[in-house]
Number of protein chains: 2
Amino acid sequence: GRDLSCLIPTVLLVFPSSRELTMVNETQHTCSASSSSKSDGGSSSGSESSKDSSRCSTPVLDAERHERLREKMRRRQDSGDRWFSLEFFPPRTANAAVNLISRFDRMGAGGPLFIDVTWHPAGDPGSDKETSSMIIANTAVNYCGLETILHMTCCNQTKDDITGHLQKAKRLGLKNIMALRGDPAGEEWEEEVDGFNYAVDLVKHIRNEFDDYFDICVAGYPKGHPEAESYEADLKHLKEKVLAGADFIITQLFFRSETFLKFMKDCQAIGITCPIIPGIFPIQGYHSLRQLVKLSKLEVPQEIKDVIEPIKDNDAAIRNYGIELAVSMCRELLDSGVVHGLHFYTLNREVATTEVLKRLGLWKEDPRRPLPWAVSAHPKRRVEDVRPIFWASRPKSYIYRTQEWDDFPNGRWGNSSSPAFGELKDYYLFYLKSKSPREELLKMWGEELTGEESVFEVFTCYITGEPNKNGHKVTCMPWNDDPLATETNLLKEQLEKVNRRGILTINSQPNINGKPSTDPIVGWGPSGGYVFQKAYLEFFTSSEIVTALLKVLKKYESRVNYHIVNVKGQNITNAPDLQPNAVTWGIFPGREIIQPTVVDPVSFLSWKDEAFALWIEQWAKLYEEESPSRMIIQYIHDNYYLVNLVDNDFPLENCLWQVVDDTFELLNSPAQQ
Amino acid sequence: GRDLSCLIPTVLLVFPSSRELTMVNETQHTCSASSSSKSDGGSSSGSESSKDSSRCSTPVLDAERHERLREKMRRRQDSGDRWFSLEFFPPRTANAAVNLISRFDRMGAGGPLFIDVTWHPAGDPGSDKETSSMIIANTAVNYCGLETILHMTCCNQTKDDITGHLQKAKRLGLKNIMALRGDPAGEEWEEEVDGFNYAVDLVKHIRNEFDDYFDICVAGYPKGHPEAESYEADLKHLKEKVLAGADFIITQLFFRSETFLKFMKDCQAIGITCPIIPGIFPIQGYHSLRQLVKLSKLEVPQEIKDVIEPIKDNDAAIRNYGIELAVSMCRELLDSGVVHGLHFYTLNREVATTEVLKRLGLWKEDPRRPLPWAVSAHPKRRVEDVRPIFWASRPKSYIYRTQEWDDFPNGRWGNSSSPAFGELKDYYLFYLKSKSPREELLKMWGEELTGEESVFEVFTCYITGEPNKNGHKVTCMPWNDDPLATETNLLKEQLEKVNRRGILTINSQPNINGKPSTDPIVGWGPSGGYVFQKAYLEFFTSSEIVTALLKVLKKYESRVNYHIVNVKGQNITNAPDLQPNAVTWGIFPGREIIQPTVVDPVSFLSWKDEAFALWIEQWAKLYEEESPSRMIIQYIHDNYYLVNLVDNDFPLENCLWQVVDDTFELLNSPAQQ
């Protein structure tokens, strides 16, 4: 036979691995083409990434979740995709932490390759405080799903302290460390014998103690470190850090593209071959610039000073100038052909950096999602692709309550084998976009409730988006951080109708019978696929309505699955016990079926605790104890049922609205007692 | 709140298990209704079965696969479903074994609750011979997916021998033993001290050594055992066997329903409460009746003798009479209300028993399948619900080659983690319905081949069902035991066209975009669901056609996945390596997604070995060595490629025919060299 590999050179030739060779008895032909485009060997995740590179455009389901940062960086470089990253510092207060987390979510939407969190030696950076560097980085990785680099400084710290921090970082799922020396404690700094005196000591320590687990980043100084003997000496130090095991370099800020390009050339000249990422500082204000320059001991070029000094009291003008300046410098860097990614010093601010990125065309808000829910970037959760639908609006709470799991559902949710959910204690951390002040919430949810109907009204206003009686829009609910999802908007009319009558909806999805995976509203996963959904409706309602509903549901016995539970855990269902029902799934080219969302009877009972507790934690506690408003919420909490309904017949028109209509009709009929 | 459990008594109330109670903090209410209808506690499979009893009508996906025989029997009794079972004896020759296996498949289609295989002490019953009792029972369970009882006799055997047999039976996946004494070796039988003298000793031994692993059946004698002192003494022996741990009783044959009904009443009177199943013997011929009567020492009633003697040389008349007699006796038994199942002594014959069952309305050929492929009844394979599509026509070979696996894919096939396939050595065992004689095969596949075109002709005749040049129909192929499947018939016209031109198809399925799971042709699984398929085409073809095909496939790059391999293992594919593609899946009420069939690149290489070997083993070896016919098949084996194509875009019209048309067009175009 002819050797086809020579005839058709573009074809991908795949040979079985040596393992398969032992099980089949075949003669192997050597062949020039290969399926793997990866040049680095190393970890098993290498083969994972090559799996997808031949087929899937962004967003991919697996590749990005399995690659380590240095691999992602290399893949972007190989493919010519340009990227950016964002630097943040830890906040000072719990309130500021909640704000920063929502900033992570908003800026994460633009598609940074990674973010990094600085190490704040004065702020107990390795502690469990919600404002510590460690915990902020933990939140970014686990709850916001962002690839994250944690900074770490080494001077004035013991080996044991540092090892402890690194172990903790690893445990929390952090995979990248920016190894820094840090600022010496006193004015006059002296080397400690056997201590950590330079960043290179930290790099060596990480590689000694943790082998190849972490990707390590080090700092480069385009003008030379201010304390270095010379620019050349500093380059040598940088090379030592790379030789000690650093994977890439992020530079100190600079004001002219030539500064960076010369630095990069000089690095390459002495044999530094790893990626070097320019650090970009968009000038955002006169004072922040002065402070930064003072700390970094850099000199602001005269031409910039000349522009800024005259407008130093005009914040907007300075920011606009800063944006212009950054955009033009970034363009020069990218046009040079040697720069693939840009690192932004955000100073925890959004506007300037976002604007620069948008003008550069690097801000890529991809409406498509790899999965219908927000993924976590913890390595343990790489394979996770199934979750119960209940936490759809509270993914951070779900991640929190499952953080102790050793394995995550993959392919199937399975039955009772899933481990227990942790209890949710820090309700405030995972509920509102920004920890809205009590006054704000009272305006939305009512200063004074007069009965259950007042509560119906709040739910209805949330659905419609119309202002309430006092002219305030209800933009969030205890169960929903954000205004109604675009998808739920499809159901708006019906939802309004039922909420008005006391079916207090907290989660729902329409049925979908095979829409393209690229659909802007309901799509997810790689392109070329089709997504499906069973209609779902979840709500609180009174026992009177439940009684009628159960009579109605008999008519729908074979079609609708239901779970009805009160706060005491009394549970009524027609579902095969412990058997989950897949309610969202997708079919993709060349893949197994993905079914990311299920209605699971077991976890529903854990969700029930959380859903009922939110009435009290978020709503009732806004009012004085013993006040009528508080007692109304307490009554609902004590007496209502949490109901979920699934219409299994996804190709037909959603029958759940009919079920609800029938229920109200039954309640209104004279025969009904 | 009102207690709904009192208001709505028909509702199913499910409480979390004690395990879940520890993870959620809720007050449990006691409640009269319960999800489990089972009365026996026991094994973990109990809870499995109750899962489904509330929802799924037959066929179920899980329940039947997880229940043990005594549970199935009880469930049928509780639900009032009547059932039957079939007894066979081991064959004498390998040829007869192949015939018996295909009889298992045909009679299995009628829905027996179980079959049983007698123990043939003279035939080395526990050996690995393909005709031994042990191996025939193994085949019934593992390859035919039938619930099976293996008989075992104990007299004249050592404890160790018997334990060895039982261990082997357990290893092979047999779960039920019929414990018998067996016939003594000599004329005068004496009790052995410490030996196995009675069936009760064997029952005790099984329970001692294997605890509750086996379901145990014992024999009952409606007229008393011929060697018993009295009818009453024999009843006492029977009760001892039940007390020793037998789960149910099958009776010796009898000629009058009153005989059985009296026996049953007498059993109950002395406290035997387990199921007692009447053994039915449809008279099929004069000589077999005489022989059986002699062995069993039973007396044929005069009224039967009176009918039979005059027609003793008319086989058809006797069989018809036997059928009438059996039908009327069975009706009396079933009408009594105390008989739920009937056990048939088939004597390895099909016609009479099948006819009786059909007349009684017990023969239930259910066109619906629990899964799209033939399931195995080995307990290890209970959870198996994914297989590669390649063995679709050779499920027994697939089961054989994966028999050493410890785990079976469930939910997902996964990637390279699947263990190796065993080599297929006994090609003859798993290929033709009945080991067709060489002459028969030569008539179908050609006495003398004149070139590759003669081979194309054979494939084409198999597809069309038309006779070949010599007037013989091609009803099987080396890769297909049976004539074209109904489903494949949907593709007949296109298949004929491409086979004529040298695209030699061996497996295919049409695309299906959501047909009801009850669809008589493509449906499977419980009712109320929807099934889906991606179009699939698998064929052998020449390297010239492959060259053109690969050029054409570039146009379909994002839509069609292909694997192309020759006998040497040279493999060309555009699929993400090691990633399986789900090509059949189903969505059911209240369940996770089932995806029973995948195209898996790894197992394709194991299938390739088998598919290519079948050219030689089945076809080439029909001809003399060095003969032109044999060399033609050998040439195809050495030079052709095995190709599979998947059209990922299942909602659109199957594009694979267009791919093939384009390929032929390219081959015919003048530019093509």
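Biologist: Let's start with A:L537; where is this residue found?

Modeller: In this predicted model, A:L537 belongs to strand β13 of chain A, which covers residues 535–541.

Biologist: And why does A:L537 count as buried?

Modeller: Its relative accessibility is 1%. Buried means under 20%, so A:L537 falls in that class. As for its surroundings, the C-alpha atoms of A:L537 and A:V646 are separated by 6.8 Å, although their positions lie 109 residues apart along the chain.

Biologist: How do you know that B:I323 is buried?

Modeller: By the same kind of reasoning: the relative accessibility of B:I323 is 4%, and the limit is under 20%, so this residue counts as buried. B:I323 is part of helix α14 (residues 315–335) of chain B. Its C-alpha lies 5.9 Å from that of B:V356, and the two are 33 residues apart in sequence.

Biologist: Now to the rings. What makes the pair of B:W391 and B:Y398 tilted?

Modeller: A search of the whole structure gives 64 aromatic pairs over all chains. For B:W391 and B:Y398, the ring centres are 5.3 Å apart and the planes stand at 55°. Centres within 6.5 Å make a pair, and planes that are neither under 30 degrees nor over 60 count as tilted, so this pair is tilted. B:W391, at 2% relative accessibility, is buried, and B:Y398, at 1%, is buried as well.

Biologist: Why is the pair of B:F540 and B:F612 called edge-to-face?

Modeller: Its planes make an angle of 75°, with 5.2 Å from centre to centre. An angle over 60 counts as edge-to-face, so the name applies to B:F540 and B:F612. This pair links distant parts of the chain: B:F540 sits in strand β13 (residues 535–541) of chain B and B:F612 in helix α22 (residues 601–619) of chain B, 72 residues apart. Both B:F540 and B:F612 are buried.

Biologist: On to charges. What makes A:E303 and A:R256 a salt bridge?

Modeller: Their closest N and O atoms are 2.9 Å apart. The cut-off is within 4 Å, so A:E303 and A:R256 qualify. The partners are 47 residues apart: A:E303 in helix α13 (residues 302–308) of chain A, A:R256 in the loop between β6 (248–253) and α11 (257–269) of chain A.

Biologist: Why does A:E303 count as partly exposed?

Modeller: A:E303 has 40% relative accessibility. Buried is under 20% and exposed is over 50%, with partly exposed in between, so A:E303 takes the middle class. A:R256, at 31%, is partly exposed too.

Biologist: And how do you know that B:R181 is buried while B:E227 is partly exposed?

Modeller: B:R181 has 13% relative accessibility, so it counts as buried, whereas B:E227, at 45%, counts as partly exposed. Their side chains meet in a salt bridge at 2.9 Å, N to O.

Biologist: Finally, why is A:E448 called exposed?

Modeller: Its relative accessibility is 65%, and exposed means over 50%, so A:E448 is exposed. A:E448 lies in the loop between α17 (438–445) and α18 (452–464) of chain A. Together with A:E439, A:E440 and A:E447, A:E448 forms a negative surface patch.

Definitions and conventions
Residues are numbered from 1 along each chain as its sequence is written. Chains are lettered from A and ligands numbered from 1 in the order in which they are written. This is a predicted model: local features need pLDDT of at least 70, side-chain atom pairs count only at pLDDT 80 or more; totals for chains, interfaces and linings use all residues. Side-chain values use heavy atoms; hydrogens and water are left out. Patches are made of residues with over 30% relative accessible area and no salt bridge: like charges are joined within 9 Å, nonpolar side chains (Val, Leu, Ile, Met, Phe, Trp, Tyr) within 5 Å. Accessible areas come from the Shrake-Rupley method with a 1.4 Å probe; for residues, only the protein chains shown count as cover. Lys and Arg count as positive and Asp and Glu as negative; His and the chain ends are not counted. The place of a charge is taken as NZ of Lys, CZ of Arg, CG of Asp or CD of Glu. Helices (H or I, at least four residues) and strands (E, at least two) are DSSP runs, numbered from the N terminus. Buried means under 20% relative accessible area, exposed over 50%, partly exposed in between (1.4 Å probe, protein chains only). Rings of Phe, Tyr and Trp (its six-membered ring) pair if their centres lie within 6.5 Å; planes under 30 degrees apart count as stacked, over 60 as edge-to-face and the rest as tilted.
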